[in-house]
Amino acid sequence: MTMQSSVTRVIGIAAISVALASGAPLTFAFAHEGHQMECNEGSINAMKADIQSMPDGKAKTTAIKETQAAQDMLRKKDTKGCMAHMHTAMEAIEK
Amino acid sequence: MVGSSESRTKNRQWTVLVTAIIVIVAVACLSAVSTFVYMGAFDVSADTPHSQPVYWLMQTVREYSIAARARDAVPNDLSDAKRVTSGAGQYAEMCAACHLAPGMQRTEISQGLYPRAPELRRGSSLTPAEEFWVVKHGIKMTGMPAWGLTHDDEILWDVVALGYCRDS
């Protein structure tokens, strides 16, 4: 990375932060944290949709595996196990 | 003479058979498609993701369509600080609600869109010309609007400049 591109990048990040702080609509409603998701088909589908938009890599592989495990636990009605796998999947999705 | 006549008859029988098979297959396909469409078999809800093959198909069609159409010349001042700053302002106004920004939590709209809008923080595999084309023309059935209808090209290049500086 050249000096110029580093400077441009810093300017870009700073500019977008300022712009967001000053110009972003106040009506942005921050939704729940992923970790508070419930173990149900809807939440698992939401995670699957998130995963589809992820670039290929280790995080995506982990997220797919953990979501599948959560779905298996849901079928077995093991809510605790399901939540544990969903938590790990969400962490991978947020990377 | 007799042999030639028999051969012609056989050929005609084959032609009739092949034509009949083609017609039957075509009618069967048409019926299957009609049933699929008119029975409402395809789930269009945004909270049920596509199966992986359907998702792959949509994504591949989209990628090649964009690549085939992104033909605008890229300005050579994309890393200009003024452009990037202007792009950041435009981005905050037009894009951040769906594509988010560094340090920003996921919005309700970003969680509800399907397919999910690509997040700025994850970078992009598109070239600047492709990004410009997407911003200008939008993408059908994704929620991505055609900003070119309401903004001039220079403003849209500023937005692309922001993404360019992020990736460089």
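What share of the contacts in chain A between residues at least 6 apart in sequence join residues at least 24 apart? In this predicted model, the share is 57%. Chain A holds four helices and zero strands. Its pattern along the sequence is α-α-α-α. Of the 95 residues in chain A, 29% are buried.

Two helix pairs in chain A both involve α2(A), which covers residues 41–52. The first partner is α3(A), residues 58–75. The axes of the two helices come within 10 Å and cross at roughly 165°. An angle over 145 degrees counts as roughly antiparallel, so α2(A) is roughly antiparallel to α3(A). The crossing is left-handed. On the α2(A) side, the contact involves A:I44, A:M47, A:K48 and A:I51. On the α3(A) side, these residues meet A:K60, A:A63, A:I64, A:T67, A:A70, A:Q71 and A:L74. By class, the residues of this contact are seven nonpolar, two polar and two charged.

An α-helix has 3.6 residues a turn, so residues three or four places apart point the same way. Among the α2(A) residues that meet α3(A) are A:I44, A:M47 and A:I51.

The second partner of α2(A) is α4(A), residues 79–94. Here the axes lie 10 Å apart, at an angle of about 25°. This angle makes α2(A) roughly parallel to α4(A). Again, α2(A) passes its partner in a left-handed crossing. From α2(A), the contact draws on A:S43, A:M47, A:D50 and A:I51. From α4(A), it draws on A:M86, A:A89, A:M90 and A:I93. Six of these residues are nonpolar, one is polar and one is charged. A:M47 and A:I51 take part in this contact, and A:M47 and A:I51 also belong to the contact with α3(A).

A loop residue also reaches this region. A:M37 sits in the loop between α1 (3–23) and α2 of chain A. Beyond residues up to four places away in sequence, A:M37 touches A:S43, A:M86 and A:M90. A:S43, A:M86 and A:M90 also appear in the contact of α2(A) with α4(A). A:M37 and A:M86 are 49 residues apart in sequence, yet their C-alpha atoms are 8.1 Å apart in space. A:M37 has 19 C-beta neighbours inside 10 Å. A residue needs 20 or more to be buried, so A:M37 counts as partly exposed.

Chain B was examined through three of its helices. Helix α3(B) runs over residues 81–94. Its 14 residues should span 20 Å at 1.5 Å a residue. The end C-alpha atoms are 20 Å apart, so the expected and modelled spans agree. This helix is mostly covered, with ten of its 14 residues buried. The buried residues are B:R83, B:V84, B:T85, B:S86, B:G87, B:A88, B:G89, B:Q90, B:Y91 and B:A92.

Helix α6(B) spans residues 128–137. Its buried residues include B:E131, B:F132, B:W133, B:V134, B:V135 and B:K136. Just after this helix, B:G138 takes a positive phi of about 70°.

Helix α6(B) packs with α2(B), residues 52–69. Their axes are 9 Å apart, and the angle is about 105°. That makes α2(B) roughly perpendicular to α6(B). B:I66, B:A67 and B:R69 of α2(B) form one side of the contact. B:E130, B:W133 and B:V134 of α6(B) form the other. Four of the residues are nonpolar, none is polar and two are charged. Of the α6(B) residues in this contact, B:W133 and B:V134 are buried.

Conventions
Residues numbered from 1 in each chain as written. Chains lettered and ligands numbered in written order. Predicted model: local features only at pLDDT ≥ 70, side-chain atom pairs only at ≥ 80, totals over all residues. Buried ≥ 20, exposed ≤ 12 C-beta atoms within 10 Å, placed from the backbone. Contact = placed C-beta atoms within 7 Å. Expected span 1.5 Å × (residues − 1). Axes fitted to C-alpha atoms, helices over the stretch in contact; angles between N-to-C directions. Parallel < 35°, antiparallel > 145°, perpendicular 65-115°, else oblique. Left-handed = near helix turned anticlockwise from the far one by under 90°. Nonpolar A, V, L, I, M, F, W, Y, C, P; charged D, E, K, R; others polar.
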